[in-house]
Amino acid sequence: MIDAAQGRGVGKTLLRHLMTVAEALGYDVVEAAVLTSNTTMLGLLHRLFPDARTTVEGETVAVEVRIG
């Protein structure tokens, strides 16, 4: 996300749309790899998907969100 778009809900909207499309296509899980330094995105993922599974792998956090 470019700096000018941050804090405007664009990321939240995109994530919710991604989950809607993934569910419509029959996916059970969505996975993301986020840099450990990207605390803003990690916080957003935690707020939107509090039951997501996370695993730290070096400088990244693997995030697994179950759909449905």
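In the predicted model, helices H1 and H2 pack with a right-handed crossing. The axes of helix H1, which spans residues 10–24, and helix H2, which spans residues 39–48, come within 11 Å and cross at roughly 50°. This angle makes H1 oblique to H2, because an angle that falls outside the ranges under 35 degrees, over 145 degrees and 65 to 115 degrees is counted as oblique.

On the side of H1, the contact between the two helices is formed by Gly11, Lys12, Leu15 and Arg16, whereas H2 contributes Met41, Leu44, Leu45 and Leu48. When these residues are sorted by class, the contact of H1 with H2 comprises five nonpolar residues together with one polar and two charged residues. The polar member is Gly11, since glycine is assigned to the polar class under the scheme applied here, while Lys12 and Arg16, both of H1, are the charged members.

With regard to the overall architecture, the protein chain contains two helices and three strands, and these elements follow the pattern α-β-α-β-β when read along the sequence. Among the contacts in the protein chain that link residues at least 6 apart in sequence, 58% join residues that are at least 24 apart.

As to solvent exposure, 24% of the 68 residues of the protein chain count as buried. The protein chain exposes about 5200 Å², and carbon and sulfur atoms supply 54% of this area.

How values were computed: Residues numbered from 1 in each chain as written. Predicted model: local features only at pLDDT ≥ 70, side-chain atom pairs only at ≥ 80, totals over all residues. Heavy atoms only, no water. Helix = DSSP H or I, 4+ residues; strand = E, 2+ residues; numbered from the N terminus. Buried < 20%, exposed > 50% of the residue type's maximum accessible area, 1.4 Å probe, protein only. Contact = heavy atoms within 4.5 Å. Areas by Shrake-Rupley, 256 points an atom, 1.4 Å probe, with all protein chains shown as cover. Axes fitted to C-alpha atoms, helices over the stretch in contact; angles between N-to-C directions. Left-handed = near helix turned anticlockwise from the far one by under 90°.
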